[in-house]
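Visitor: Could you take me through one part of this model up close, and tell me what sits around it?

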Amino acid sequence: MWIRERSITQNDQFKSLVVSCEPTIAMRWLIARLGDFQQQHPEIVVHLFAGGGEVKFAEQGIDLAIRRNDFDINCFVEPLADEMIGPVCIPKLGNIILTKAVRLHAKTRINAWQNWCLQNNQAAEGQNGEREFEHFYLSLEAASAGLGVAIASKFMVEQNLADGRLVAPYGFCKDGSSYCLLSATDFTLDERKMIFLAWLKKQFKAIT
């Protein structure tokens, strides 16, 4: 199991599984769990690639892709879990009034704050400015560093909440999107895909 670019030969495909995964999911959720999958299924070697948006399965040599369904998807789809979002910050900022907090934004989820505020009857604009980051995982790291309050996925900050590095003073709510596993072909035609799908669903369910 590793992350790197390489071509997968025809023979590899019978024992390997090439998985494309959004960077934040890979870095903050999946990689920490892949050891468990490898222990349970040593016969399947997972090759992990970071990527987002549309998947070109044949062109990129990808078997499966983990995505959030926030774009048009034209392939076989298996839902994994509803996305749950909420503001997170370091404990000493836990009692701060949201309108007075520095709001951390990610370009990859540019409407996250607006959507959460609409659902929770909160002011859409903060009074102390905002900071924008290129990727979702960078906004979460900024929150962990005490730079402000970020809208986070419950799944992506699970460990940070458990170890007390972050708090979620308003809890989490569904944002209307879901995490999904994508395939160019029917999952049931490939035992490797069915095994990985079942394992992923179990991992997500353990958090929800």
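Guide: Sure, let's start right where helix 3 ends: it is followed by Asn-121, whose phi is positive, near 55°. Before going on, this is a predicted model, where local features need pLDDT of at least 70 and side-chain atom pairs pLDDT 80 or more, while totals for chains, interfaces and linings use all residues. Numbering runs from 1 along each chain as its sequence is written, and side-chain values use heavy atoms, leaving out hydrogens and water.

Helix 3 covers residues 112-119 (helices are DSSP runs of H or I with at least four residues, strands E runs with at least two, numbered from the N terminus). Ala-112, Trp-113, Trp-116 and Cys-117 are buried there, meaning under 20% relative accessible area with a 1.4 Å probe, protein chains only. Look down the axis of helix 3 and its buried residues fall within an arc of 125° (taken from the directions from the axis to the C-beta atoms), so they line one face of the helix. Why does that work? An α-helix has 3.6 residues a turn, so residues three or four places apart point the same way.

And what does that face touch? The buried residues of helix 3 pack against strand 5 (76-88), strand 6 (103-106), strand 8 (149-153) and strand 9 (173-183), where contact means heavy atoms within 4.5 Å.

Elsewhere, helix 1 (residues 23-40) has contacts too: Trp-29, Leu-30 and Phe-37 are among its residues that meet helix 6, where Ile-195, Phe-196 and Trp-199 are among the partners. On helix 4, it's Phe-136, Tyr-137, Leu-140 and Glu-141 that touch Pro-23, Thr-24, Met-27 and Arg-28 of helix 1.

Key: Buried < 20%, exposed > 50% of the residue type's maximum accessible area, 1.4 Å probe, protein only.
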